[in-house]
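Here is a brief report on a protein model. Take a look at the sequence and the fold before reading on.

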Amino acid sequence: PHIGHVKLNELKAPHIDQMYAELEKNLGEYSIKQCHRTLTKALNDAITEKTLAFNPTIHLVEPPTIKNKKKIIPLTFTEIDRILSVESEWSPLFTLLVFTGLRRGEALGLSWDHIDLDEKDAVGRHKKWEDRSPTLKVTRSLVSLTGKGLVLVPPKTDSSVRTVSLD
């Protein structure tokens with residue numbers, strides 16, 4: 001939508017720079033770099049098809065980056081104590097989030113079959129209590145989709161599918 005009004009043969013580096021500046025307001029660094037890769041590939045294909053004489057992305061001063069990337073500030077011990085001292089129906093969820101580092105949607109996507117409190121050894125025997133390491137498996141996330149409401153979806157990346165220790 002940011003460069004759709006520009007004819008292909010009139011597309012210049014400043015148009016692309018301006019598009020990246022607009023994208024930085026709403027997208028993360030990874031998404032912007034993906035846009036850059038996709039645009040570069042499309043323009044290179046246009047050159048191959050003799051629809052375009054040159055690729056204006058090669059004239060960019062630097063590839064797109066986020067200039068004001070938000071810094072993640074972890075909770076302090078005092079803040080954690082305050083959260084965990086609250087008595088409410090949400091206390092178990094807060095405890096799970098604080099001690100596992102799960103994202104909210106990942107925690108809300110859990111069901112009892114994702115939790116292994118009764119760990120067994122390779123032969124199928126129950127391990128001794130002191131050798132057990134209870135775990136939970138993150139395989140989905142609860143998200144809100146426009147027009148569909150709350151939906152369970154797989155994580156965005158393979159590395160988000162993981163087993164988390166509950167020790």
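## A salt bridge in helix α2

This is a predicted model. D45 is partly exposed, with a relative accessible area of 31%. The side chain of D45 forms a salt bridge with K41. The closest N and O atoms of this pair are 2.9 Å apart.

Why are D45 and K41 separated by about one helical turn? The two residues are four apart in helix α2 (residues 29–48), so about one turn separates them. An α-helix has 3.6 residues a turn, so residues three or four places apart point the same way.

## The two sides of α2

Helix α2 has 20 residues. From first C-alpha to last, α2 reaches 29 Å. That is close to the 28 Å expected at 1.5 Å a residue.

Which residues of α2 are buried? They are I32, H36, L39, L43 and A46. Seen down the axis of α2, the buried residues fall within an arc of 90°, so they line one face of the helix. These buried residues pack against α1 (13–23). On the other side of α2, the exposed residues are Y30, T38, K41 and T48. K41 is thus named twice: as an exposed residue of α2, and as the salt-bridge partner of D45. Just after α2, K50 takes a positive phi of about 60°.

## Other salt bridges

How many salt bridges does the structure hold? There are four. Side chains of opposite charge can pair when their charged atoms come close.

One of the four joins the side chains of E22 and K25, at 3.2 Å from N to O. E22 counts as partly exposed, at 31% relative accessibility. K25 is exposed, with a relative accessible area of 59%.

## E106 and its network

E106 forms a salt bridge with R103, with 2.7 Å between the closest N and O atoms. Is E106 buried or exposed? At 4% relative accessibility, E106 counts as buried. R103 counts as exposed, at 51%. Salt bridges that share partners join R103, E106 and R162 into one network.

E106 is found in helix α5 (residues 104–108). Leaving aside neighbours within four places in sequence, E106 is in contact with V138, R140, S141, S160 and R162. R162 therefore appears both among the contacts of E106 and in the salt-bridge network, while E106 itself is buried at 4% relative accessibility.

## T100 at the end of α4

T100 lies in helix α4 (residues 91–100). T100 is buried, with a relative accessible area of 18%. The side chain of T100 reaches the backbone oxygen of L96 at 2.5 Å. A polar atom of the T100 side chain also lies 3.3 Å from the backbone nitrogen of L102.

Which residues does T100 touch, not counting those up to four places away in sequence? They are V164 and L166.

## T135 in strand β2

T135 is found in strand β2 (residues 135–138). Its relative accessible area is 13%, so T135 is buried.

Not counting residues up to four places away in sequence, T135 touches H114, I115, D116, T163, V164, S165 and L166. T135 and L166 are 31 residues apart in sequence. In space, their C-alpha atoms are 5.2 Å apart. V164 and L166 are touched by T135 and also by T100.

Technical notes. Residues numbered from 1 in each chain as written. Predicted model: local features only at pLDDT ≥ 70, side-chain atom pairs only at ≥ 80, totals over all residues. Heavy atoms only, no water. Buried < 20%, exposed > 50% of the residue type's maximum accessible area, 1.4 Å probe, protein only. Contact = heavy atoms within 4.5 Å. Polar contact = N/O pair within 3.5 Å; in protein donor to acceptor, adjacent residues only side chain to side chain. Expected span 1.5 Å × (residues − 1). Arc of directions from axis to C-beta.
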